[in-house]
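Student: Could we go through this structure together? I would like to begin with helix packing and then move on to other topics.
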Amino acid sequence: MAMSAQSPALQVSPSERAPRDCKPACLGLNLGFRDYEESLRIQDRIVTRRKCGLLPDCLLFVDYPPIITLGRGGKREHLLAGPQELRKRGVRVHPAGRGGDITYHGPGQLVVYPVLDLKAWHRDIHRYLRTLERCLVKMLLDFGIPSETLPGATGVWVEGRKIGAIGVRTSRWVTSHGLALNVNTDLRYFDLIVPCGLVGRGVTSMAAQLGRSLELSEVRSCFIRHFAREFGRSFRVADREEALIES
Amino acid sequence: MPSNVIMPQMGESIFEGTITRWLKRVGDRVERDEPLFEISTDKVDSEIPASASGILREILFQEGETVEINTVVAIIDDEGGAVQDTAGDGNAVVRQEPEQTPGRNQKPEIADSRRGLRASPLVRRMAREEGIDLREIEGTGLGGRITKRDILNYLSERERIAEVTRPLVQQAQEGLGAAASDQDEIVPMTAMRRSIAEHMIGSRRTSAHVTSIFEVDMTAVMKLKEENAGKFARREGFKLSLTPFFVKGVVDTLKDFPILNASMAGNDIVYKKDINLGVAVALDWGLIVPVIRRAQQKTLAGIAREVADLSHRARQKQLSPDEVQGGTFTLTNPGVFGSLIGTPIINQPQVAILCVGAVTKRAVVINDAIAIRSMAYLSLTFDHRLIDGAVADRFLSSLKDRLEGWSGAID
């Protein structure tokens, strides 16, 4: 018995994919603090494995040092700071193979990369975006923060200021990249850019809205709850994350 | 027969897509399922695979153009595919696709010939990402083609081998050894415990931990502390402890070794302007590291006050989150529990942590005579990616000199 429990978690058997409550499983992987390239490397491997059915749907969580990422649709002029200023503040700029414009990532942010096979989920990327937004809105409400979504401006907003950014990539209906929610983010870093290329709109964070910092892990758990509900997934934490991603 | 590549519908309410990038050029050979172009809709970028194998004959819409769904955007022609494939040294490769009955005995030859190695782009990509040499895999597909199944089998085999050699400790950590019996009590971890656990293993994975240990004669500091104990307690209202001396000593030494007060950001080194010294405080329910900000501007007494205040409030659960963030170096003092030498884990994203062992009276040899001195072991764990051993040891040596030669008033 013990031996079978130790058999490679890599190969996901059909029974694992459909647990007792018959909801497809979603595996949570916390990558912890990573630099950007490294996290993308891991994400790529997971995406490839997802495509082959080696892994079920996954939710990746990652913490970043201060960085600016530029989506495919990103315009360089939305980067306001010069190289000197960036260096002074210890911020690096990375191109990112996702949709969306420019954004900032850094400590205190909840960054989530869902790797889902949308072939088994409506085959609809707009529906996917809207569902991600709904997860964030419901989660924020749990913390007493009313937020909204705006047509034509993907993301989640509080009083006209952006709190959650979304940028997604799909390949054969398998999603990657995802969302970044400002929890305790130092919002001054956003002065370096025009977030998501939206001129004249500010940013905010949960901490700024509530006037206190929050435990990131608490926000993460809350997000997972809503994600599981909205996407109809049963969630389990990867017990073998190292074996999965760094073997 | 030519086959049309169309703009796919990416969702019910999506009626068009913008072509952002062609991954192949006209004339290129494409394999079915190989990424052919990229489109963008709203905030989603999608990679679209080729619907057929062959030569990309025509691209009808250029990058940047927005096209309605189901519009033909390119044409793939499968004729002449074989001709392209055999270009090069003139040795025509045996084409396996038309073959109806794969000759089993042909397989090894094909697997051995680099040129004849047959695998789909997905399989090749997996092999690349997993660092697998495809020649190691025997293909079981048509004509020795390496299939997805083959690579999965190979991977799980490799995984099984790795599994056998994985240390038991690690398995236990990963929760596999946690098959609890009926008598065992299972208690969920608190948020703090989980966060500590994540941080510890995350740090181990991030930094190249190395620890160096020095022995320091604390007699001068102990003497000064005892002489001033009464006066200090009367003036400040709390007892003077040893920690402020270590904090002050570390802060002053860090000024000469900015690399230990730094962090890594990608390929850059970030030298921190301020020395924000974290001091680990053990709690009944865990551990917290409040931070003394801009410690380089503070006096010994100022540091003593702050250490007393922060550790008191830590135990009362009254620290605000910004008081435990932004540290640039950490000091931990398990000596108060009697530990002689510790090898702590770095508090990310910092690059070093100093551990202070118990100060005890020991017989030591000074000028060939045995003397009784108050001694302590200081151990420094540093990130060897950024800090060389010699630098770490110079830091420790400088700190040792500072502590051993301590003099002056406490104010």
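Tutor: Certainly. This is a predicted model. In chain B, helix α8 (residues 243-256) packs against helix α9 (residues 300-315), with the axes 9 Å apart and at an angle of about 125 degrees.

Student: How are α8(B) and α9(B) oriented to each other, then?
Tutor: They are oblique to each other, because an angle of about 125 degrees lies outside the ranges for roughly perpendicular, 65 to 115, and roughly antiparallel, over 145. The crossing of α8(B) past α9(B) is right-handed.

Student: Which residues make the contact?
Tutor: From α8(B), B:Thr243, B:Pro244, B:Val247 and B:Lys248 take part; from α9(B), B:Leu300, B:Ile303, B:Ala304 and B:Val307 do.

Student: What about the loop that leads into α9 of chain B?
Tutor: The loop between β15 (291-292) and α9 of chain B contains B:Arg294. Phi of B:Arg294 is near 45 degrees, a positive value in a residue other than glycine. B:Arg294 counts as exposed because it has 12 C-beta neighbours inside 10 Å.

Student: And in chain A, where does A:Arg172 sit?
Tutor: A:Arg172 lies in the loop between β9 (161-171) and β10 (174-182) of chain A. Its phi is also positive, near 50 degrees, and it too is a residue other than glycine. A:Arg172 is partly exposed, as 17 other C-beta atoms lie within 10 Å.

Student: Where is the cis peptide bond?
Tutor: It runs from B:Gln348 to B:Pro349, with omega near 0 degrees. B:Pro349 is placed in the loop between β16 (329-332) and β17 (352-356) of chain B.

Student: Let us turn to strands. Is β2(A) enclosed or open?
Tutor: Strand β2 (residues 57-63) of chain A is largely enclosed by the rest of the structure, because seven of its seven residues are buried.

Student: Which residues lie on each face of β2(A)?
Tutor: One side carries A:Asp57, A:Leu59, A:Phe61 and A:Asp63, and the other carries A:Cys58, A:Leu60 and A:Val62; all are buried, so both faces are covered. In a regular strand the side chains alternate between the two faces of the sheet.

Student: In what sense does β2(A) pair with β1 of chain A, parallel or antiparallel?
Tutor: The pairing with strand β1 (residues 25-33) is parallel and extends over seven bridges. Within it, A:Gly28 has A:Leu59 as its bridge partner.

Student: What is the order of the three-stranded open sheet?
Tutor: The order is β4-β3-β5 in chain A, with mixed pairing. Strands β4 (92-95) and β5 (102-105) are the edges, each pairing on one side only. From one strand to the next, the twist averages 25 degrees.

Student: How many bridges join β3 to β4(A)?
Tutor: Four bridges join strand β3 (residues 67-70) to β4(A), and the two strands run parallel. A:Ile67, for instance, is bridged to A:Arg92 in β4(A).

Student: Finally, where is confidence lowest and highest in chain A?
Tutor: Confidence is lowest in helix α1 (residues 2-5), at a mean of 35, and highest in strand β6 (residues 109-115), at 96. Over residues 240-247 of chain A the pLDDT is below 50. The chain averages a pLDDT of 83, and 84% of its residues score at least 70.

Terms used: Residues numbered from 1 in each chain as written. Chains lettered and ligands numbered in written order. Predicted model: local features only at pLDDT ≥ 70, side-chain atom pairs only at ≥ 80, totals over all residues. Pairing = 2+ DSSP bridges. Axes fitted to C-alpha atoms, helices over the stretch in contact; angles between N-to-C directions. pLDDT = per-residue confidence, 0-100. Contact = placed C-beta atoms within 7 Å. Left-handed = near helix turned anticlockwise from the far one by under 90°. Buried ≥ 20, exposed ≤ 12 C-beta atoms within 10 Å, placed from the backbone.
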